[in-house]
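Q: I'd like to learn how to read a structure like this one. Can we go through it together?

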Protein chains: 2
Amino acid sequence: MRRDVFQAIADPTRRAIILLIAFQSMTPNAIAEHFDTSRQAVSKHLRILTECNLVKQEQSGREIYYQLNGTKMKEVDKWLEQFRKIWEGRFNELDNILSNLKNKKK
Amino acid sequence: MRRDVFQAIADPTRRAIILLIAFQSMTPNAIAEHFDTSRQAVSKHLRILTECNLVKQEQSGREIYYQLNGTKMKEVDKWLEQFRKIWEGRFNELDNILSNLKNKKK
DNA sequence: AATTTGCGAAACCGAATGATTGCGCTTATA
DNA sequence: TATAAGCGCAATCATTCGGTTTCGCAAATT
């Protein structure tokens, strides 16, 4: 069973849950109310999110509050960092320079 | 068939392919040499990456060079942006302040 | 002209995924 | 104390996923 952040955020419902509890921890029931699936389905998502440390839980009586572990999200950002140079246009600029040189040659 | 960036980068092989062609476009055969899977399997991955616009192709005779579309990666970054505040520690600092207040009360 | 090379598409297969349903446990409420 | 509420877990099921194998086609090579 693969359990990494990338697989966790692949599911749209899971991304919605992450967003939902990002700034306020919530119980499974409260989360489930925001979607048209069962509480058990949400519970399963929360288990996956917990298993890859994207989410922490805090028990309070019979209720369990789930909270986002923001730090873990950094992993995705770290991976993305490798490509940031590309989309920030530096490589496009390089392309332009090369094209210009080509054109001058003609 | 869901075809979005998040689902595309969920697979580790696909992430490796993305990294591989990020700075130099490559043919399916050349890519396949870097993994222990068949060219056809790589082709399937490239199809998925193409379908969600993460990858562009350029034909040259019978060879097809695949190239990363860096811009598309921005979508992930954009989604991540929502959480950046959290892991950058501002919320953790808030937590610390609250804990300190609690301790002082005791 | 015959053969090899590079490629995508289709058929197939076992494993994983996401959802539902039924269950049992613990905690709160009547 | 009996009942209800909140939760996780296990079984089940249809669907998707990632891989291989086989095939056909166009472009190179001989």
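A: Let's start with two definitions: Ala, Val, Leu, Ile, Met, Phe, Trp, Tyr, Cys and Pro count as nonpolar, Asp, Glu, Lys and Arg as charged, and the others, Gly among them, as polar. A residue is near a strand or molecule if one of its heavy atoms lies within 4 Å of it. With those classes, the surface near DNA strand D splits into 4 nonpolar, 11 polar and 9 charged residues.

Q: What should I know about the model and its numbering?
A: This is a predicted model, where local features need pLDDT of at least 70 and side-chain atom pairs count only at pLDDT 80 or more, while totals for chains, interfaces and linings use all residues. Residues are numbered from 1 along each chain as its sequence is written, chains are lettered from A and ligands numbered from 1 in the order in which they are written, and side-chain values use heavy atoms, with hydrogens and water left out.

Q: Which residues come nearest to DNA strand D?
A: Among the 24 residues around DNA strand D, the nearest are A:Asn29, A:Ser43, A:Tyr66, B:Lys44 and B:His45. Of the strand D atoms within 4 Å of the protein, 59% belong to sugar or phosphate and the rest to bases.

Q: How do I read a polar contact there?
A: Look for a pair of N or O atoms within 3.5 Å; within protein, one must be able to donate a hydrogen and the other to accept it, and residues adjacent in sequence count only if both atoms are side-chain atoms. For B:Lys44, a side-chain N or O atom is 2.2 Å from a base oxygen of DNA strand D. The side chain of B:His45 has an N or O atom 2.4 Å from a phosphate oxygen of strand D, and for B:Gln7 the distance from such an atom to a phosphate oxygen is 3.1 Å.

Q: What about DNA strand C?
A: Strand C is surrounded by 24 residues, and the closest are A:Lys44, A:His45, B:Ser43, B:Arg62 and B:Tyr66. Of its atoms within 4 Å of the protein, 62% belong to sugar or phosphate and the rest to bases. A polar side-chain atom of A:Lys44 sits 2.4 Å from a base nitrogen of strand C, and one of B:Arg62 is 2.5 Å from a base oxygen.

Q: How are chains A and B related?
A: In general, two copies of a chain are related by a rotation about an axis and a shift along it. Here, a rotation of 180 degrees with 0.0 Å of shift along its axis puts chain A on chain B, with an RMSD of 0.0 Å; the fit is by least squares on the C-alpha atoms of residues with pLDDT of at least 70 in both. So the two copies are related as by a two-fold rotation axis. In chain A, the C-alpha nearest the axis belongs to A:Ala10, 2.9 Å away from it.

Q: And how do I describe two packed helices?
A: You give the angle between their axes and the distance between the axes. Helices (H or I, at least four residues) are DSSP runs, numbered from the N terminus. Axes are lines fitted to C-alpha atoms, for helices over the stretch in contact, and angles run from 0 to 180 degrees between N-to-C directions. H2(A) and H4(A) pack at about 75 degrees, with axes 10 Å apart.

Q: Why call H2(A) and H4(A) roughly perpendicular?
A: The angle of about 75 degrees makes H2(A) roughly perpendicular to H4(A), since 65 to 115 degrees counts as roughly perpendicular, under 35 as roughly parallel, over 145 as roughly antiparallel and the rest as oblique. Contact means heavy atoms within 4.5 Å, and A:Thr13, A:Arg14, A:Ile17 and A:Ile18 of H2(A) meet A:Val42, A:His45, A:Leu46, A:Ile48 and A:Leu49 of H4(A).

Key: Helices (H or I, at least four residues) and strands (E, at least two) are DSSP runs, numbered from the N terminus.
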